[in-house]
Structures are given as structure tokens and as C-alpha cells.
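Me: Can you walk me through the pocket and its ligand, and tell me what each label rests on?

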Amino acid sequence: MNFIEKWFCDRKPSGGLLLLIDPDRGAPERLADMAEKGVSAGASAVLVGSSILLGDGFERCVREVRGEIDAPVFLFPGNGHQITLEADGILFLTLISGRNPRWLIEEQVESAPKIKAVGLPSMATGYILIESGKVTAVQFMSATVPIPRNKPDIASAHAMAGELLGLKAIFLEAGSGAENPVPEAIVSAVRDATDLPLIVGGGIRTVESAQRLVSAGADFIVVGTHFEQTGDTSLIEGISRVIRDK
Ligand code: 1GP
């Protein structure tokens with residue numbers, strides 16, 4: 001097991017909050033400061049990435065964040081260009097809910113040689129997009145159809161397929177800034193389907209909604225937009241407490 005696989009495996013029993021930083025949302029120093037506040041408030045690790053990058057601060061953002069916090073920084077890439085050795089590891093995503101070959105295998109084929117060359121620890125992660133109200137950036141950019149919110153059996157079949165294919169984690173995604181988070185029924189169906197580390201994110205703005213997702217079986221909760229927009233450390237503290245007390 002490499003560093004990132006071991007990190008998620010070791011922390012699965014206790015769970016954790018993952019703070020998502022979008023490199024486009026400010027100067028690297030500001031984002032590093034935000035990451036530091038999030039980690040001080042209880043975040044276990046920081047994810048860096050975005051469905052689309054407009055600026056050129058990606059690598060500097062990863063470096064600054066990593067220099068500022070006492071927790072690992074994992075890449076959560078929106079495409080095969082968001083790769084740097086400045087991170088502690090990478091979620092090597094395959095968008096298994098979609099039927100678009102680009103996000104199932106093409107980006108991976110293009111980025112694998114670089115990941116291997118730089119020796120970045122990588123965790124094969126099944127990325128499952130769930131319908132969340134309005135069209136999200138990830139839905140639009142990936143040109144894939146999310147799994148309907150009222151179809152937990154379809155979500156669980158995808159998670160089972162991911163496990164049988166040898167993936168090491170499942171990420172249930174509503175999309176950044178989603179109107180509604182992933183429904184609990186989908187989280188619990190996927191939890192019943194697999195023992196893989198289960199990461200759930202998108203549209204989580206309250207401690208209560210995170211609490212429901214943790215009770216349904218989420219191991220890791222991802223928070224990005226709300227903390228980025230409000231700087232509200234009480235959200236991070238509250239969710240971290242809920243995870244600790246589960
Ligand atoms: C997006 O799941 C993450 O990939 C986080 O979503 O920005 O809505 O918190 P938010």
C-alpha cells in the first residue's frame with residue numbers, strides 16, 4: 001500500500017473531514033491561509049483541484065498549502081493536467097457513473113506516465129456523480145449524466161463494479177456548490193454494497209446534513225464552497241466533532 005492508500009485505509013474507522021481548495025479561488029497565500037484555518041478547526045487533509053482551471057496558480061497553490069499545514073495535501077484533479085509532485089498523493093479518479101471514455105480511461109492514460117515518473121502516491125478512486133438539482137460544473141465539464149437521486153440501487157451497482165474492478169475508494173459527488181448534497185439513501189446503499197473508504201461531497205453547508213451523511217455510512221466528508229465563501233470555522237469544527245463522535 002502506498003502513502004495515500006494507507007492514509008485512507010488507516011483513517012477509515014475514525015473517518016475525517018477533507019477540505020477542498022479550488023486553486024482559482026484566490027491568491028495561493030490566501031488559499032494556504034484558508035487551508036491552515038480549516039486544518040486548525042479539525043480538517044484531516046486538504047484536497048486541491050477543480051473541474052476547470054482558469055488561472056495558472058495550481059502548482060504554487062499546492063506548494064503554499066502544503067507548506068502551511070500540518071496535514072497531507074492530496075490532488076483531486078479535474079483533468080490530467082492537474083498533477084504535481086508538490087502534493088502528498090493523488091486521487092486517481094475514474095468517473096464510473098459516466099459513459100464518457102475521456103473520463104473513464106483517456107485522461108488516465110495520458111496522466112499515468114507523469115504520475116509514475118514523478119513517483120506520486122496514487123489511489124484508484126471510483127468517482128460517482130449524483131444528480132443534485134441544477135447542472136453542476138463537473139456534470140457540464142464531464143459531459144456525463146449523473147445517477148438520478150432516487151436510484152440508490154443504480155449507485156450501489158456502480159460501487160460494486162468499482163470494487164470488483166479493483167478500485168480502492170469510492171467518491172460520491174453531488175458537485176461543487178450543489179443545490180442538494182448526495183441523498184442519505186444513496187450513501188447507505190453504497191455503504192451496504194462495499195467496505196471501501198467512502199468519500200461524500202458536494203453542497204454540504206451544515207453540520208446537520210453532514211451528520212446525516214455520516215450516519216448513513218460516509219467515512220469522509222468533503223467541504224469546499226461553503227467554507228471558502230464564509231470562512232466559517234464552526235462548520236469545520238462541528239462536522240469534525242460529528243465524525244469523531246460517530
Ligand atoms: C466538490 O465535493 C466537493 O468536488 C466539495 O463540494 O464545494 O459544494 O463543498 P462543495
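Me: What makes you say the ligand takes the space of the largest pocket?
Reply: This is a predicted model, and in it the space taken by the ligand is the largest pocket. A molecule sits in a pocket if more than half of its atoms lie within 2 Å of the pocket's grid points, so that is the test behind the statement. The space there comes to about 850 Å³.

Me: Which residues count as lining of the largest pocket, and what makes them lining?
Reply: Lining residues need an atom within 4 Å of a grid point, so that cut-off decides it. The largest pocket has 49 of them, and Ser-50, Ser-51, Phe-76, Tyr-127 and Val-138 lie nearest its centre. Among the elements that each supply at least two residues are β1 (16-21), α4 (101-118) and β8 (220-223). β4 gives the most, with 6 residues.

Me: How do you know which residues are around the ligand?
Reply: The cut-off is a heavy atom within 4 Å of the ligand. There are 13 residues around the ligand, with Glu-173, Ser-176, Gly-177, Gly-203 and Thr-225 coming nearest. That shell divides into 4 nonpolar, 8 polar and 1 charged. Gly counts as polar here, so Gly-177 and Gly-203 belong to the polar group.

Me: Why is the pair between Gly-177 and the ligand called a polar contact?
Reply: A polar contact takes a pair of N or O atoms within 3.5 Å. An oxygen atom of the ligand is 2.6 Å from a polar backbone atom of Gly-177, so the pair qualifies. Gly-203 has a polar backbone atom 2.8 Å from a ligand oxygen, and for Gly-202 a backbone N or O atom lies 3.0 Å from one; both pairs therefore pass too.

Me: What share of the ligand does the protein bury?
Reply: Taken alone the ligand exposes 310 Å², and the protein buries 96% of that.

Key: Residues are numbered from 1 along each chain as its sequence is written. This is a predicted model: local features need pLDDT of at least 70, side-chain atom pairs count only at pLDDT 80 or more; totals for chains, interfaces and linings use all residues. Side-chain values use heavy atoms; hydrogens and water are left out. On a 1 Å grid over the protein atoms alone, a cavity is a set of points where a 1.4 Å probe fits but cannot get out, and a pocket is an open set with protein on both sides within 12 Å along at least five of seven lines; lining residues have an atom within 4 Å of a point. Grid points are joined across faces, edges and corners, and a volume is the space filled by probe spheres set on the points. Helices (H or I, at least four residues) and strands (E, at least two) are DSSP runs, numbered from the N terminus. A polar contact is a pair of N or O atoms within 3.5 Å; within protein, one must be able to donate a hydrogen and the other to accept it, and residues adjacent in sequence count only if both atoms are side-chain atoms. Accessible areas come from the Shrake-Rupley method with a 1.4 Å probe; for residues, only the protein chains shown count as cover.
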